[in-house]
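Dear colleague,

I am handing over the structure we spoke of, and below it you will find my notes on its side-chain contacts. Please read them with the coordinates open beside you.

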Amino acid sequence: MKLLDQFGLEGLSSQLSNGSKRYKIDARLESYSCKMVSEEKRQYKELVSRLNSDENQESPALYLGSSQTLRDLYEMTGQVNSSSLSPPRNVCSGRKRTRSETSICLNDSTSESPSPKFPTSALSTKDLFCLMSTLNSCFGPAYDFLTARSDEFCLEPELWLVKHYISRFCSIYVDKYEDLAPHLWKVIGDEIVPAQCRIYSYRPDHLSDPYSSGCLASFNYFFHNRCLRRVLFFSLRVLNDSLVDDDEDELTESNLY
């Protein structure tokens with residue numbers, strides 16, 4: 001995996017990381033080539049050998065976890081619909097959203113219904129290694145993500161769902177995210193063409209992942225474009241120690257005058 005120089009992504013990472021007066025944010029927007037270097041070829045062979053040994057078969061099934069985006073949207077709205085995934089009408093029409101449309105209705109079930117079952121899927125060993133190597137390139141060498149389980153990764157069903165979730169998430173933690181969003185998705189579109197991508201997310205086991213500790217909230221998305229042989233990694237973490245006391249803010253401001 002090779003980190004590709006993209007100044008637009010670097011600038012957006014900086015804007016997001018410094019985009020809040022109340023929260024300490026660690027944002028990463030990085031683009032990687034999927035071409036393996038010599039060391040990664042060796043690591044890939046070791047991963048294949050380990051997986052074959054663990055599963056005691058030549059082609060182990062690598063099952064992904066269920067969509068984390070759908071789960072999080074369900075927690076936000078209490079409603080999920082996996083049978084008719086389509087964006088709200090205002091996404092296409094541009095008209096002002098009504099209150100009833102503010103929460104996406106993703107299912108016919110009501111908030112009183114039991115939590116729905118989310119479908120899972122599988123992926124190839126090479127694609128799994130690509131996701132793991134992206135994390136290693138971004139966060140390593142302090143932690144080896146080649147030990148991650150396949151079910152800690154999820155295949156997301158729709159681009160518009162991912163964009164909607166990122167918008168809701170960032171609107172909470174990033175000041176004036178709505179003003180930044182058009183430029184953000186323009187740069188991402190130019191770099192990776194999201195409509196041509198398979199989109200994965202990563203939600204680690206909090207007991208084994210060192211980056212989960214000290215984290216108030218986070219998301220990790222991979223936009224994998226096989227035609228371009230490229231992965232764009234979009235990660236945003238809100239750190240636990242980032243809350244700023246309102247009284248301290250007011251006191252500081254009063255001392256300035």
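**Salt bridges and aromatic contacts**

Aspartate 190 counts as exposed, at 53% relative accessibility. Please keep in mind throughout that this is a predicted model. The side chain of aspartate 190 meets that of lysine 186 in a salt bridge, with 2.6 Å from N to O, and lysine 186 is itself partly exposed, its relative accessible area being 49%. The two residues are four apart in helix 8 (residues 177–192), and are therefore separated by about one helical turn.

Helix 8 also takes part in a contact with a distant part of the chain, since glutamate 191 in helix 8 is linked to arginine 230 in strand 8, 39 residues apart. Their side chains meet in a salt bridge at 3.4 Å, N to O; glutamate 191 is buried, with a relative accessible area of 8%, whereas arginine 230 counts as partly exposed at 22% relative accessibility.

Strand 8 (residues 230–239) also holds arginine 237, whose partner aspartate 26 lies in strand 2, so that this pair ties together parts that are 211 residues apart in sequence. The closest N and O atoms of this salt bridge are 3.0 Å apart, and both ends fall under the 20% limit for a buried residue: aspartate 26 has a relative accessible area of 18%, and arginine 237 is at 13%. Arg28 joins Asp26 and Arg237 in a network of salt bridges. The structure holds 10 salt bridges in total.

Turning to the rings, the structure holds 14 aromatic pairs. One of them is formed by tyrosine 23 and tyrosine 173, which meet edge-to-face at 5.0 Å centre to centre with 85° between the planes. Because tyrosine 23 lies in the loop between helix 1 (7–17) and strand 2 (25–33), and tyrosine 173 in helix 7 (residues 159–173), the pair ties together parts that are 150 residues apart in sequence. Both tyrosine 23 and tyrosine 173 are buried.

Phenylalanine 145 and tyrosine 202 form another edge-to-face pair, at 6.1 Å centre to centre and 80° between the planes. Phenylalanine 145 lies in the loop between helix 6 (125–139) and strand 5 (153–155) and tyrosine 202 in strand 6 (residues 198–202), so this pair ties together parts that are 57 residues apart in sequence; both residues are buried.

Tyr23 and Tyr173 also belong to one aromatic cluster, together with Tyr165, Phe169, Phe219, Tyr221 and Phe234. Finally, lysine 163 lies over the face of tryptophan 185, at 5.1 Å from the ring centre.

With best regards

Key
Residues are numbered from 1 along each chain as its sequence is written. This is a predicted model: local features need pLDDT of at least 70, side-chain atom pairs count only at pLDDT 80 or more; totals for chains, interfaces and linings use all residues. Side-chain values use heavy atoms; hydrogens and water are left out. Rings of Phe, Tyr and Trp (its six-membered ring) pair if their centres lie within 6.5 Å; planes under 30 degrees apart count as stacked, over 60 as edge-to-face and the rest as tilted. Buried means under 20% relative accessible area, exposed over 50%, partly exposed in between (1.4 Å probe, protein chains only). A charge sits over a ring if NZ of Lys or CZ of Arg is within 6 Å of the ring centre and within 35 degrees of the ring normal. A salt bridge is a side-chain nitrogen of Lys or Arg within 4 Å of a carboxyl oxygen of Asp or Glu.
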